[in-house]
Every structure is written in structure tokens, then in C-alpha cells.
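Okay, thanks everyone, let's get going. I'll put the structure up and then walk through a few local features, starting with a loop.

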Amino acid sequence: MRPIVDRLPASKIREVANAGLGRSDVLAFWFGESDEPTPQFIRDAAARSIADCETFYSHNLGLAELREALSRYASGLHRPVGADRIAVTSSGVNALMLAMQALVGAGDEVVAVVPVWPNLTAQPAILGARVTRVPLRVIDGSCRLYIDRLKQAVTSTTRVLLVNSPNNPTGWTLTRDEQVALLAHCRGTGTWIVADEVYERMYFAGHATCAPSFLDIADADDRLIVVHSFSKSFLMTGWRLGWLVAPAAAMPGFAKLIEFNTSCAPVFVQRAGLAALAEADAFVPALATRLRQCRDTLLPRLQALPGVSVAAPPGGLYAFFRMPGSDDSLALAKRLVSDFGLGLAPGIAFGPEGEGWLRWCFAAHDPARLVEGTRRLGSALGL
Ligand SMILES: Cc1ncc(COP(=O)(O)O)c(C=O)c1O
């Protein structure tokens, strides 16, 4: 193995989950997914496709009709996005890796806003790039961006600015003003922005149905790659379907990279994606409303626990909080599993900046699970 592969840290969320292996009494909120299965109409579309013998390769960039449907979907939310700027990928994480493979090589510099889902920073590291981490700051329990510090870090030698908003694990979400400032800055330095916007529909500020996106403000040929996924908005984590938006001129390159990575996303999965998009207008806002209810069930109960410090996240699927004992988040997360049957993710899983925190995924089909989870956390606090 290359030394960098040996040095990659194993997932600390898995380490906690392994502590609960084989125990049916554990309430698990550690992974970033709902406990609700994919809707029947999406599963039916995949089953029909298989029954119709759609068992062959597709175009590297995806089925033409799926790229068209994604173009309509994205253009309905943002500025017009032509199908010629869209590549269908085998998941969001695959789209992120393709973006990295397209942009960075050994010795290149990537600046990442952290804490963040560890895959984002591991991928450029695997490719030999140097990752500079710019931490969010915490004010009254909420995360904010030091925009000046980030601009200082992104210079003409920076190949990629990597930003995930709404953010996993903190829920922090870029404001429109911050996006405008970062786009202008990166145009000046010649830096690519890789924006992971997989949680864009999980946005709880006011009545908005979508978080601010770089696709609202960028031109079609800006150095911008926006990464998306069917996983979160359509309850399709196990299907491994995503897409990316990039300048049209980059598409022949992405077609080659997809050929050499996966060749294409499975056709029956793409058909499931088409079915999902056809119902997106009804399905996604209803899901977001349910998730808002989950958030609003969990947050006040967490806030009421003595010593727990947590702010309502504006976006994403997660409450990110501190509590007595969380200075060693991995040890505490393991103890919560073993002694109280409560499965949370340790903040350290998201980098050193996340140490001292725990992450709770509130995407629960039955909000009573969240209520019972907070009761168990109360027991851990001696209540
Ligand atoms: C920030 C972020 N980006 C991308 C993904 C990837 O999603 P998927 O690979 O399931 O499409 C995740 C999944 O948890 C995530 O949290």
C-alpha cells in the first residue's frame, strides 16, 4: 500500500457502531441517514427497469433523459443549468472523488472549511494533495465562518477551495453574501470551488426550500463543481446515485474519469433517480417538513438537559453539541452505547476541530425515538 493509504484513519463512527454490534436495544443516531426506507414509487421504478432487462452499461455521463431531468430540477431551484453541464455519478462521494481526480494531483494545495465529513478531506490527501484546514468558529454554540481567514488561506497557489454547506456535522450554512465574496475571491486567485451541496434541500431558515447555492450566483463557465446526491433528499442512501454540475468544457474529461472509475451508474438505479425527480416537487418539501419536525423535537429536549450546549442548526440532518465528558468524544460515544444504548457520532470523527462535540442525526421516522434518546442522554447525565 502507498504510505498515505496506511496513514488514513479508520472511521471513528464505525468504531462506535462496532461497540453496539449485535445489540438490538441500541437507539442508533450515528450514521447520516434516515431510518425510513426509500419510497415505494422509487423502488417500483427500479424493479420495472430490471424486469425490462435494463441490465447493460449506459453512457458514461448517464442516461440522456436523467441528465435532462436533472437539468430541469437544478434550473427550477437555481440559475439555468444545462444538461451539458451535468454528469450522473455513482453516489455523492463518487462525484466528490471524480472532482478531486479532475483537479488535484501530488503536491497541489486544497483549502477546506472544517469540521467536515472526513471523506472530503481524505480524498485529496489520497491523491497526494496538501489539505489546509480552516476552522469554523463557534459563537454561542453556533458555527460561523471567519471569511477573512478563509480568504487569506486561499491564494493564487490554491488549486481548490472545498466547502460543504449545509455542513455535516455542524449544520452551518454559507450565507449568500459569503458565497458572493468567496466566488469573487476565487475568480481572482484562479481557484476552483468544489461545493458539496448534498444537503441543500435540508434547510430550515424561514420558508426556504433550498439553501443558498453557488449555482444561484455563478456563471456557467466559472471554475465551480457542485456535488449532489439522491441519498438525502430522496431517502436513497443505499442506491449510490449522485451527480455533479461543472462547466460544459469539463464534461469530456469527466466522461473519461467515470469510464475509468465505474464506467457508469447502474441503469436501473438511474431509472429510480428519474422516478424520484418526477415526484421531487411534492416529495422533497414534505420530507424537509418532517425533518424540521424531527429537529424541533430533538433540539428543545437537548437544550433542556443541564450542561448540554447546542444551537439549532439552520440546515443538514444533525445536532452538533457539547456535554459534560465530551472532551474525549470517542470515549464518551462508546460509553453512551455500552451503558445507555444510545448511538451518537463522536465529533473527533470530523477532524480535530470536532473534538469535544457529539453529532446526533435527527432523521428519525418516528420522533418518539428522539424523545427516548434524549431520555437516555439524561440518564447518562445522572438525571
Ligand atoms: C457532506 C456529505 N457529502 C456527501 C455525502 C455523500 O453522500 P452519498 O455518497 O451517499 O451520495 C455525504 C454523506 O453522508 C455527506 O455527509
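So, start with Leu235, which sits in the loop between strand E9 (224-229) and strand E10 (242-245). When I say helix or strand, I mean DSSP runs, with helices being H or I of at least four residues and strands being E of at least two, numbered from the N terminus. Before going on, the housekeeping: this is a predicted model, where local features need pLDDT of at least 70, side-chain atom pairs count only at pLDDT 80 or more, and totals for chains, interfaces and linings use all residues. Residues are numbered from 1 along each chain as its sequence is written, and side-chain values use heavy atoms, with hydrogens and water left out.

Back to Leu235. What is its phi? Near 55°, so to speak on the positive side, in a residue other than glycine. Is Leu235 buried or exposed? Its relative accessibility is 8%, so Leu235 counts as buried. The cut-offs there are under 20% relative accessible area for buried, over 50% for exposed, and partly exposed in between, with a 1.4 Å probe and protein chains only.

Now the strands on either side of that loop. E9 and E10 are paired antiparallel, over four bridges, and His228 has Trp243 of E10 as its bridge partner. For pairing, DSSP has to find at least two bridges between the two strands. E10 also pairs with strand E2 (residues 86-89), again in the antiparallel sense and over four bridges. There, Ala87 is matched with Leu244 in E10. E10 is covered on both faces: Gly242 and Leu244 are buried on one side, and Trp243 and Val245 are buried on the other.

Next, a second positive phi. Cys53 is not a glycine, yet its phi is about 60°. Where is Cys53? In the loop between H3 and helix H4 (64-77), just after H3.

That brings me to helix H3 itself, residues 40-51. As a sanity check on geometry, its 12 residues at 1.5 Å a residue should span 16 Å, and the end C-alpha atoms are 16 Å apart, which agrees. The expected span is 1.5 Å times one less than the number of residues.

Which residues of H3 are buried? Ile42, Ala45, Ala46 and Ser49. Seen down the helix axis, the buried residues of H3 fall within an arc of 95°, so they line one face. That arc is taken over the directions from the helix axis to the C-beta atoms. The general background is that an α-helix has 3.6 residues a turn, so residues three or four places apart point the same way. On the other side of H3, Arg48 and Ala51 are exposed. For Arg48, the relative accessible area is 52%. Arg48 and Pro9 are 39 residues apart in sequence, and their C-alpha atoms are 41 Å apart in space.

What do the buried residues of H3 pack against? Helix H10 (267-278). The two axes come within 8 Å and cross at roughly 145°. Axes here are lines fitted to C-alpha atoms, for helices over the stretch in contact, and angles run from 0 to 180 degrees between N-to-C directions. On the H3 side, the contact is made by Phe41, Ile42, Ala45, Ala46, Ser49 and Ile50, and on the H10 side by Val267, Phe268, Arg271, Ala272, Ala275 and Ala276. Contact means heavy atoms within 4.5 Å.

Over to the open sheet. Its four strands are ordered E11-E12-E15-E14, with antiparallel pairing. Strands E11 (309-310) and E14 (345-346) are at the edges with a single partner strand each, so one side of each has no neighbour in the sheet. E14 is joined to E15 (residues 358-361) by two bridges, with Ala345 opposite Arg359. Helix H12 (residues 329-340) packs on the sheet, touching E14 and E15, and its direction makes about 45° with that of E15. E15 also has four antiparallel bridges to strand E12 (residues 318-322), where Ala319 partners Trp360.

Last item, cis peptides. Val114 to Pro115 is cis with omega near 5°, and Pro115 is in the loop between strand E3 (109-114) and helix H6 (118-126). Asn168 to Pro169 is cis too, with omega about 25°.
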